[in-house]
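Reader: Please take one part of this assembly, the surroundings of a single loop residue in the second chain, and look at it closely. I would then like to see how that part fits into the sheets around it and into the pair of chains.

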There are 2 protein chains.
Amino acid sequence: MTVTTPQGFVAAGVHCGIKASGDPDLALVATADRHPVAAAGVFTTNKATAAPVLTTRRHLETTGGYAVAVILNSGNANAATGAAGLADAEQTCQAVADELGCTADDVLVCSTGLIGIPLPIDTLLSGVAPLAAALNDEGGTSAAEAIMTTDTVAKEVVVEGDGFTVGGIAKGAAMLAPNMATMLAVLTTDAEAQPGVLQAALRAGVADSFNAMSVDGCTSTNDTVLLFASGAAGPVDEAALFEAVADACADLARQMVGDAEGATKVVEVRITGAASDEDAQRAARRVADSNLCKCSWYGQDPYWGRIVSEIGSSGAEFDPDKVKVSYGGVTVCRKGVASMHDANALGEVMAAPYIEIVADLGLGKGEGIILTNDLTHAYIDENMGTS
Amino acid sequence: MTVTTPQGFVAAGVHCGIKASGDPDLALVATADRHPVAAAGVFTTNKATAAPVLTTRRHLETTGGYAVAVILNSGNANAATGAAGLADAEQTCQAVADELGCTADDVLVCSTGLIGIPLPIDTLLSGVAPLAAALNDEGGTSAAEAIMTTDTVAKEVVVEGDGFTVGGIAKGAAMLAPNMATMLAVLTTDAEAQPGVLQAALRAGVADSFNAMSVDGCTSTNDTVLLFASGAAGPVDEAALFEAVADACADLARQMVGDAEGATKVVEVRITGAASDEDAQRAARRVADSNLCKCSWYGQDPYWGRIVSEIGSSGAEFDPDKVKVSYGGVTVCRKGVASMHDANALGEVMAAPYIEIVADLGLGKGEGIILTNDLTHAYIDENMGTS
């Protein structure tokens with residue numbers, strides 16, 4: 001049910017001391033035989049790119065898309081740490097390489113936590129030997145727990161393909177963490193695939209999952225999604241691999257939004273009838289990121305005027321006399337004006353933990369979906385301070 | 001000290017019954033002699049444009065930039081109300097015209113309140129005759145009070161030019177209102193100016209004030225800023241007029257941000273050293289609209305990592321190794337990494353009701369400022385429901 005479910009992978013999680021709480025804070029996912037396998041990565045577009053992201057990208061370029069392992073720490077993002085941060089990330093990879101008998105370029109690295117604080121490198125390095133010693137083929141859950149920050153539950157997934165398996169672990173949802181930020185995910189598969197195919201499958205899967213959700217509209221300095229393919233299950237149908245990777249990403253994304261900080265509801269914002277898919281996506285994101293809409297969902301208030309107003313200011317092509325809005329199938333606005341509806345049915349929709357909002361722009365065939373959540377007092381509580 | 005301070009204007013505010021609370025909900029600003037004067041307007045860019053905005057725009061086009069009066073109601077936005085809403089706005093103008101002895105095209109109209117609810121037109125019309133009867137040259141404050149929604153104080157301004165005066169009233173700050181939305185402002189001057197000059201002065205003033213502030217990043221369906229010039233003070237220096245209008249707009253914008261819903265702090269986000277002014281403005285807006293930054297200000301937490309992360313994801317040109325960040329003159333980040341600073345001085349800066357944040361990108365000469373505020377529990381309370 002986790003990143004070690006596909007054949008050929010081991011993992012572990014330990015506490016090395018970065019987190020004062022004593023919680024696990026260092027994780028490792030590696031190939032069982034310590035040999036490089038095809039690997040792919042998708043990274044944050046934030047220009048304030050964290051050192052581990054730069055390091056991982058460079059290693060994948062150097063090897064041409066192969067890797068033996070990824071080490072992940074929670075409690076410190078190693079971001080806005082300059083040249084020292086880059087040296088720390090490289091030293092971390094070298095320490096893992098020494099334990100596994102590979103080169104530093106074969107090791108990828110992810111960090112999540114506070115920005116602008118030097119990585120406690122000695123503390124981290126002290127954990128590498130015990131971490132490597134703990135590697136085992138049932139260690140996925142332990143690794144998933146060691147990358148948690150403000151997550152309340154560990155996030156794991158397994159998708160069974162035809163003759164192969166995709167597994168994964170993840171933490172966080174975009175930059176919604178207070179002290180610690182970032183969305184990280186590590187996926188594995190026993191399918192055999194070339195790095196180029198793997199990269200294409202991961203990019204497509206991320207586009208429809210992690211890139212189609214929004215908690216607070218923020219993009220972390222450290223966001224990273226990795227995919228390793230051991231090849232233990234042999235060659236597979238390429239379309240089936242794309243589908244399984246996409247399903248695994250979508251499942252982890254739903255888990256992230258559902259566990260978003262302080263959220264009481266998951267909300268699916270679906271725009272249909274837009275002039276283009278791009279317009280639909282833009283409008284859906286605008287609604288999903290609107291504090292006014294987010295507050296209304298928290299208050300279970302079906303105030304569709306805010307939905308229409310946000311779409312109107314999204315930049316998407318829009319005709320206010322054509323829009324139709326519904327909550328959970330109850331239509332509250334037709335042709336841009338209020339429409340009669342069953343208030344009791346609507347009340348039940350708004351009270352549920354999952355709300356589906358559909359706005360049909362009546363202009364074309366463009367569609368887009370963003371998965372998001374409500375804005376609550378608890379979000380503010382968690383984000384008022386870093387200590 | 002208000003919209004009736006410049007020579008040649010009268011105003012009034014009454015309760016007609018749109019607001020159940022009994023508070024004033026209908027305002028009128030008119031020329032003292034009921035003759036048309038040069039007038040200019042700047043409006044929302046939201047494509048879900050409210051009926052009164054469409055009506056006011058059309059009237060100004062028809063007259064070529066002249067008007068006698070503007071009527072403003074609070075408690076209902078007359079937005080997402082279709083053809084009926086347009087007819088209601090037109091009928092409102094006609095009723096005012098009948099009272100003042102001018103044509104409906106000479107009358108402008110603004111509304112603020114709930115979206116998607118039909119305007120109670122009979123209620124509104126019942127207030128027009130008493131409103132016109134109450135017009136007087138000290139009525140500005142009364143008008144300012146009648147356009148308030150969740151504002152806690154009326155917003156008024158007077159700027160003295162060389163031989164002329166600019167006065168104004170305003171309500172709200174962007175779409176930060178819960179039940180009722182919208183930013184409205186009516187400015188008057190006794191300077192003599194052609195409609196084209198007036199329009200240019202207003203557009204320039206709005207760009208550096210109302211369009212350089214952000215409460216929650218939302219753009220209302222009803223935002224309107226109007227400027228009337230009675231000419232009673234005769235011709236004036238054009239540059240002086242531009243400056244006085246800009247000062248009046250800036251003053252009202254500061255009042256709005258300071259009275260933003262639930263806000264405990266006003267925050268000035270200043271970006272310097274950007275590759276261009278556009279980049280600086282984009283980066284400043286991204287920081288100002290970030291919930292993570294807004295929450296940290298509420299918690300008085302000088303977590304500059306969030307500032308850097310938001311700039312990095314703003315789309316502006318950015319080099320993480322060159323950025324410098326300071327709060328109230330206390331520099332916390334130099335060349336992209338943490339810098340030594342006086343923690344006590346920083347604590348005092350963060351505790352103050354006004355915080356100036358400067359981020360120097362170290363790339364060029366581009367500068368931009370956005371005035372904003374913090375995100376608080378009270379904002380959520382006020383925006384959870386419409387009733």
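Author: Helices and strands are DSSP runs, namely H or I over at least four residues for a helix and E over at least two for a strand, and they are numbered from the N terminus. The model is a predicted one, in which local features need pLDDT of at least 70 and side-chain atom pairs count only at pLDDT 80 or more, whereas totals for chains, interfaces and linings use all residues. Residues are numbered from 1 along each chain as its sequence is written, while chains are lettered from A and ligands numbered from 1 in the order in which they are written.

The residue to begin with is A50(B), which sits in the loop between β3 (37-43) and α1 (51-63) of chain B. A residue is called buried if 20 or more other C-beta atoms lie within 10 Å of its own, exposed if 12 or fewer do, and partly exposed in between, with C-beta atoms placed from the backbone. With 33 other C-beta atoms within 10 Å, A50(B) is buried. Contact means that the C-beta atoms of two residues, again placed from the backbone, lie within 7 Å. Once its neighbours within four places in sequence are left aside, A50(B) is in contact with A77(B), N78(B), A79(B), S111(B), T221(B) and N222(B). A further residue, A80(B), stands 30 residues from A50(B) in sequence, yet their C-alpha atoms are 6.6 Å apart in space.

One of those contacts, S111(B), leads into the strands, where two strands count as paired if DSSP finds at least two bridges between them. S111(B) of β6(B) is the bridge partner of N73(B), and β5 (residues 69-74) and β6 (residues 107-112) of chain B run parallel, joined by 6 bridges. Between these strands the chain passes from β5(B) through helix α2 (residues 82-100) of chain B to β6(B), in a β-α-β crossover that is right-handed; that is, with the strands pointing away from the viewer, the path from the first strand over the helix to the second runs clockwise.

β5(B) is itself mostly covered, with 6 of its 6 residues buried. A69(B), I71(B) and N73(B) point one way from the strand, V70(B), L72(B) and S74(B) point the other way, and all are buried. β5(B) also pairs with β2 (residues 26-31) of chain B, in the antiparallel sense and over 5 bridges, and here N73(B) is the bridge partner of L26(B). β2(B) pairs in turn with β1(B), antiparallel over 6 bridges, with A27(B) as the partner of G13(B). Strand β1 (residues 9-14) of chain B is mostly covered too, since 6 of its 6 residues are buried; F9(B), A11(B) and G13(B) lie on one side and V10(B), A12(B) and V14(B) on the other.

Elsewhere in chain B, 6 strands form an open sheet of mixed pairing, in the order β14-β13-β12-β15-β11-β16. Its edge strands, β14 (337-338) and β16 (366-373) of chain B, each pair on one side only. β13 (residues 330-334) and β14 of chain B pair in the antiparallel sense over 2 bridges, and C333(B) stands opposite A338(B) in β14(B).

As for the pair of chains, 51 residues of chain A are in contact with 51 residues of chain B. The elements of chain A that each supply at least two residues to this side are α9 (291-298), α10 (304-312), β14 (337-338) and α12 (377-383), and α10(A) gives the largest share, 7 residues. α10(A) is largely enclosed by the rest of the structure, because 9 of its 9 residues are buried. What covers those buried residues includes α8 (277-288), α9, β12 (324-327), β13 (330-334) and β15 (354-360) of chain A.

Chain A can be superposed on chain B by a rotation of 180° with 0.0 Å of shift along its axis (RMSD 0.0 Å), where the fit is by least squares on the C-alpha atoms of residues with pLDDT of at least 70 in both copies. The two copies are thus related as by a two-fold rotation axis. Of the residues of chain A, H377(A) comes closest to that axis, at 2.8 Å (C-alpha). The same surface serves both copies, since 100% of the contact residues of chain A recur in chain B.
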